[in-house]
Amino acid sequence: MRDIAFRQQILTTLLLLAITFGLWMAAEPLLATPAKWLAHALLTFWLPQVIETTIFEPGALLVVTKFTEMNGIIRLAIPGEEGLAFRLNTRLVSYGLPFYAALLWGSRIAKPSNTFAWGLFVLWAAMALGLAAMTAKDLMLVIGQPFLATAWVPPSAVIAVSYQFSVLLMPTLAPVLLWVLQLRGSPLWTRLENQLGSTRSKG
């Protein structure tokens, strides 16, 4: 009997994944907009000497820098010159949204709408950090030392690890960790506690 709740959770989540990923594919430009705003604020505050502005595009964030390239040489742009720009694919950091939605709506928790709204804010913040890490990686590879010598820029090894974590791990780990935290007090959480308590008693 104790396994029924887990089976229901798995089956419901798998069913919802097909729905939530379909919605995400269609509405990703809209769903990622808050993360783009946060990324814009973070980048312009963190790197005012490097970042000129950002431009929102469907499924992407275009980061325009204050550097330009002339005859293979990277230098600061002068007024009237176009700065180097990097197009970031927001889907690389936003695919955790449908995963989180399926996990949460597949669980029987109180006030799921409020819980989901709070969860979205957390994931949007994580996505913004991911976009910042993606920007830092591109700046490191293209601009190089002028960027790495800028104040508050971490070493290249930290940038590389942050980029890999933001693209490969964060979009899947963050939704799961957030879901586990929000699961406390739910029937499924109670069943988990009871099962763990029963296992310890037998041991």
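Helices and strands here are DSSP runs, with at least four residues for a helix and at least two for a strand, numbered from the N terminus. In this predicted model, the chain read along its sequence follows the pattern α-α-β-β-β-β-β-α-α-α-α-α-α. That comes to eight helices and five strands. Of the 203 residues in the chain, 40% are buried. Among contacts with a separation of 6 or more, 63% are between residues 24 or more positions apart.

**Nonpolar core**

The largest nonpolar core has 42 residues. Leu-47, Val-50, Ile-51, Met-127, Leu-131, Leu-139 and Phe-147 are the residues with the most contacts inside this core. At least two core residues come from each of α2 (33–46), β2 (60–65), β5 (85–89), α4 (96–105), α5 (112–142) and α7 (156–182). The most is given by α5, which supplies 13 residues.

Ile-51 can be followed through its contacts beyond four places in sequence. On one side of the numbering these include Leu-43 and Thr-44. Further along the chain, Ile-51 is in contact with Val-63, Val-64, Thr-65 and Lys-66, and also with Thr-135 and Leu-139.

**Packing of α2 and α5**

Two packed helices are described by the angle between their axes and the distance between the axes. For α2 and α5, the axes come within 8 Å and cross at roughly 50°. Angles from 65 to 115 degrees count as roughly perpendicular and those under 35 as roughly parallel, and α2 and α5 are therefore oblique to each other. Their crossing is right-handed. On the α2 side the contact is made by Pro-34, Ala-35, Leu-38, Ala-39, Leu-42, Leu-43 and Trp-46. On the α5 side it is made by Trp-124, Ala-125, Met-127, Ala-128, Leu-129, Leu-131, Ala-132, Thr-135 and Ala-136. Met-127 and Leu-131, in this list for α5, are also among the residues with the most contacts inside the core.

**Individual residues**

Four residues are set out below by place and relative accessibility.

| Residue | Place | Relative accessibility |
|---|---|---|
| Thr-20 | helix α1 (residues 2–31) | 13%, buried |
| Asn-71 | loop between β3 (67–70) and β4 (73–76) | 75%, exposed |
| Ser-107 | loop between α4 and α5 | 8%, buried |
| Trp-152 | loop between α6 (145–148) and α7 | 74%, exposed |

Thr-20 counts as buried because its relative accessibility of 13% falls under the 20% cut-off. Leaving aside neighbours within four places in sequence, Thr-20 is in contact with Pro-98, Ala-101 and Ala-102.

Ser-107 is buried as well, at 8% relative accessibility, although its place is in a loop, the one between α4 and α5. The side chains of Ser-107 and Trp-179 are joined by a polar contact of 2.9 Å. Beyond four places in sequence, Ser-107 is in contact with Gln-9, Trp-179 and Leu-183.

The two exposed residues in the table are set apart by their backbone angles. Most residues other than glycine have a negative phi. Asn-71 has a positive phi, near 55°, and Trp-152 also has a positive phi, of about 70°. Neither Asn-71 nor Trp-152 is a glycine. With a relative accessible area of 75%, Asn-71 is exposed because the cut-off for that class is over 50%. Trp-152, at 74%, counts as exposed by the same cut-off.

Methods. Residues numbered from 1 in each chain as written. Predicted model: local features only at pLDDT ≥ 70, side-chain atom pairs only at ≥ 80, totals over all residues. Heavy atoms only, no water. Core = buried A, V, L, I, M, F, W, Y, C linked by side-chain atoms within 4.5 Å. Buried < 20%, exposed > 50% of the residue type's maximum accessible area, 1.4 Å probe, protein only. Contact = heavy atoms within 4.5 Å. Polar contact = N/O pair within 3.5 Å; in protein donor to acceptor, adjacent residues only side chain to side chain. Axes fitted to C-alpha atoms, helices over the stretch in contact; angles between N-to-C directions. Parallel < 35°, antiparallel > 145°, perpendicular 65-115°, else oblique. Left-handed = near helix turned anticlockwise from the far one by under 90°.
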